[in-house]
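Morning, everyone. I have one serine and one ligand to show you. Let's put the model up.

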Amino acid sequence: MRIKDFYSYRKPGRRVSMVTAYDYTMASLAAASGVDALLVGDSLAMVMHGMENTLTASVGMMSLHTAAVARAAGGKLVITDMPFLSFRKGVGPAMDAAEELMKAGAQALKLEGVDGHEDVIERLTGSGIPVMGHLGLTPQYVHGLGGYRVQGRDAAGAAQIKRQALRLQELGCFALVLECVPAELAREVTGTLRVPVIGIGAGPHTDGQVLVLQDLLGLYDKAPSFVRKYMDGRAAVTAALNAFDSEVKSGAFPGKDDHENDKRDKELAGAARL
Ligand code: KIV
């Protein structure tokens with residue numbers, strides 16, 4: 001998928017699917033699936049590093065994970081979050097951060113909010129860097145928002161989100177993530193914008209959906225309640241680990257066929273027969 005393909009998702013009946021990816025192995029699985037785009041989200045601070053919120057994600061951390069994902073991404077679009085404050089210290093430092101993330105393998109960048117960093121978004125889009133906006137529940141603002149709550153419930157909050165969404169479009173963003181807003185507000189914003197709106201916890205009326213991969217696989221123990229789990233990953237992984245543990249303890253593993261040298265000998269013998 002390319003940036004221009006995102007616009008085709010404005011057609012009725014088409015939807016974009018996006019998942020987070022933070023490492024090579026999971027990205028290679030997502031790359032082999034039908035999912036359209038991979039987001040190296042700053043949620044990796046919580047999901048990969050066990051932090052309480054996303055504020056501890058740094059440019060270095062995002063670059064390292066972006067590089068791992070990019071190595072596995074195949075043709076999938078890789079979008080990376082600009083982490084907390086990396087785009088709030090002026091255009092120069094923001095461009096340095098953007099450079100590091102793009103050189104690590106990002107093809108587009110996602111920034112939370114808009115007020116106070118319009119100049120950065122304009123410079124990024126003007127430099128040919130595709131920018132995805134992120135409004136509604138913006139986790140980098142968690143302390144100001146007073147926790148992880150649905151945004152835009154009252155008239156003033158809804159008006160602010162609509163204004164900001166239009167502003168992001170004007171500044172050249174190619175898409176918008178709308179997180180945890182009422183479904184009707186998401187429908188209105190989606191209907192107003194020309195660029196696709198990708199929802200998370202924002203109901204069914206957007207142009208697509210994004211989820212944290214470890215949430216949808218049932219692997220992360222702190223997934224939000226709106227997430228649909230497509231498998232019970234924690235139970236599956238725990239069962240595999242317990243099977244390994246009991247086979248090691250019983251002596252069933254490694255068996256004769258598992259012995260690396262035996263396997264290598266057989267492979268070499270097979271090759272010699274060719
Ligand atoms: O960081 C992240 O994973 C995100 C998604 C939840 C949209 O921003």
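Leaving aside its neighbours within four places in sequence, which residues is S43 in contact with? They are T20, Y22, T54 and V212. Contact here means heavy atoms within 4.5 Å.

A word on the model. It is predicted, so local features need pLDDT of at least 70 and side-chain atom pairs count only at pLDDT 80 or more, while totals for chains, interfaces and linings use all residues. Residues are numbered from 1 along each chain as its sequence is written, and side-chain values use heavy atoms, with hydrogens and water left out.

Back to S43. It sits in the loop between β2 (37–40) and α3 (44–47). Helices (H or I, at least four residues) and strands (E, at least two) are DSSP runs, numbered from the N terminus. S43 has a relative accessible area of 16%. It counts as buried because that is the word for under 20% (1.4 Å probe, protein chains only).

The side chain of S43 also makes a polar contact with the side chain of Y22, at 2.7 Å. That term means a pair of N or O atoms within 3.5 Å; within protein, one must be able to donate a hydrogen and the other to accept it, and residues adjacent in sequence count only if both atoms are side-chain atoms.

Now the ligand. Residues around it (a heavy atom within 4 Å) include T20, S43 and V212. A polar side-chain atom of S43 lies 2.5 Å from a ligand oxygen. For D42, the distance from such an atom to a ligand oxygen is 3.1 Å. For D81, it is 3.1 Å.

Notes. Buried < 20%, exposed > 50% of the residue type's maximum accessible area, 1.4 Å probe, protein only.
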